[in-house]
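Colleague: Could you take a close look at how the aromatic rings sit in this one, and then follow the thread into the parts around them? I'm a first-year, so please go step by step.

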Amino acid sequence: MHPTNLATFLEISRTVVSMCSAGILLFLVALWAGKNDVAQARGLNKVVALSSLCFAVPLGVFGALHLAAAQGLMAMVPSYMPWPLFWTYFFGFALLAASLSIATKIQVRWSGLLWGIAMFSFVAMMDIPGALASPRDRFGWTLALREMLFGGGGWILAGNALRAEGHGHGGSKLITVGRVLIGIAAIFYGVEHFLHPANVPGVPLEKLMPAWIPGHGLISYLTGAILVVAGTGILLNKKTRMAATYLGTWIVLLVVFIYGPILIAALADPSTDVKVEGINYFFDTLLFAGAILALASAPPRTD
């Protein structure tokens, strides 16, 4: 390949390569750290044992995105904050640190807590003002709830760690906040699936289900029903572990069988933007699953 063409290829693909490399590395680290838990679990508890992996890997991918595409992402920093490029890099490194902490299960009480605080700060500074500016735009509320449930998932992980360290009262409070946020988001997303079945399942964002994926309506309506039923149980704290286990497992299946092919098709596209979009959708939904599975591991097994 001509040196100029090679340089152009590497420049265009730097973000994609960084995100994929971080994802593969964090997957291997989290799988190694959690191999004993997975081996000892039975049935669907094996999926629950993957909660740290499902949560940590997306954080690493998004951290790599912030470092590789900082110039473009710094425009998202609110205008009243100084040094937008600094904060973009800072958050990228913070994401990588949190992902390693959660993947290795070291100091999760702090990484989960701080991740949640960061997400709730973003909701207050960007998502809620954006949603209120266009209250009829359903995607604004979808994004706000997504960031809140991501933050709630981090607090559930921190709460689980605090419980393991003997701080049950503080841990239970964090888990309760995360449980309520996940329940509300799941119900809202479930209703959205019935109202807009053409969109991709899980977190109902703008992207439409590709025409080459069969059974669009069945997948959307089934996902909507599972989200509403499980979300209601989670919100009311009725059979929470069972509801979170089944819902989290279903979202993992969507990641593998719906977003997996979408990711492969995106990576085959020559456009870097399309590649990044496919990666983002895949790992966004995996993080959704990770938050729910973290909740499934929180309540007592006697539930």
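Modeller: Let's start with a little group of rings: F86, W87 and F90 are linked into a cluster by ring pairs. Keep in mind that this is a predicted model. Counting ring pairs over the structure gives ten aromatic pairs.

Take the pair made by F120 and W155. Their ring centres lie 4.8 Å apart and the planes meet at 85°, so this pair is edge-to-face, since an angle over 60 degrees puts it in that class. Now look at where the two partners come from: F120 belongs to helix α7 (residues 108-133), while W155 belongs to helix α8 (residues 138-164). They are 35 residues apart, and the pair links distant parts of the chain. Is W155 buried or exposed? W155 has a relative accessible area of 17%, so it counts as buried, the cut-off being under 20%.

Next comes the pair of Y189 and F288. Here the ring centres are 5.9 Å apart with the planes at 80°, so this one is edge-to-face too. Y189 sits in helix α9 and F288 in helix α12, 99 residues apart, and again distant parts of the chain are linked. Y189 is buried, with a relative accessible area of 0%. F288 is buried as well, and its relative accessible area is 0%.

Let's follow Y189 first, into its own helix. Helix α9 (residues 168-195) packs against helix α10 (residues 216-236): the two axes come within 7 Å and cross at roughly 155°. Why call them roughly antiparallel? Because angles over 145 degrees fall in that class, α9 and α10 do too. Their crossing is left-handed. Among the α9 residues that make the contact are Y189 itself, I182, G183, G190 and F194, and the α10 side includes Y221, G224, L227, G231 and L235. Sorted by class, the residues of this contact are 15 nonpolar, eight polar and one charged.

Now follow F288 into its helix, α12. This helix packs against α11, with the axes 8 Å apart and an angle of about 170°. That makes α11 and α12 roughly antiparallel to each other, because their angle is over 145 degrees. The crossing of α11 and α12 is left-handed. In their contact you'll find 20 nonpolar, seven polar and two charged residues.

Want a residue to click on in α12? Try I292, which lies in this helix (residues 272-296). I292 is buried, with a relative accessible area of 0%. Leaving out residues up to four places away in sequence, I292 touches I182, A244, L247, G248 and I251. You have met I182 already, as one of the α9 residues in the contact with α10. As for I251, it is 41 residues from I292 in sequence, yet their C-alpha atoms are 8.9 Å apart in space.

Over in helix α11 (residues 240-267), have a look at T245. T245 is buried, with a relative accessible area of 8%. Setting aside residues up to four places away in sequence, T245 touches L44, V48 and A296.

Another stop is P58, which is part of helix α4 (residues 51-68). P58 is buried, and its relative accessible area is 0%. Which residues does P58 touch, not counting those up to four places away in sequence? The list is L53, F283, L286 and L287. P58 and A22 are 36 residues apart in sequence, and 9.0 Å separates their C-alpha atoms in space.

To finish, step out to the loops, where two lysines have something curious about their backbones. K105 is in the loop between α6 (84-104) and α7, the helix that holds F120. K105 isn't a glycine, but it has a positive phi of about 60°. With a relative accessible area of 36%, K105 is partly exposed. The other is K239, in the loop between α10 and α11. K239 also has a positive phi, about 50°, although it is not a glycine.

Key: Residues numbered from 1 in each chain as written. Predicted model: local features only at pLDDT ≥ 70, side-chain atom pairs only at ≥ 80, totals over all residues. Heavy atoms only, no water. Helix = DSSP H or I, 4+ residues; strand = E, 2+ residues; numbered from the N terminus. Buried < 20%, exposed > 50% of the residue type's maximum accessible area, 1.4 Å probe, protein only. Contact = heavy atoms within 4.5 Å. Axes fitted to C-alpha atoms, helices over the stretch in contact; angles between N-to-C directions. Parallel < 35°, antiparallel > 145°, perpendicular 65-115°, else oblique. Left-handed = near helix turned anticlockwise from the far one by under 90°. Nonpolar A, V, L, I, M, F, W, Y, C, P; charged D, E, K, R; others polar. Phe/Tyr/Trp six-rings, centres within 6.5 Å; stacked < 30°, edge-to-face > 60°.
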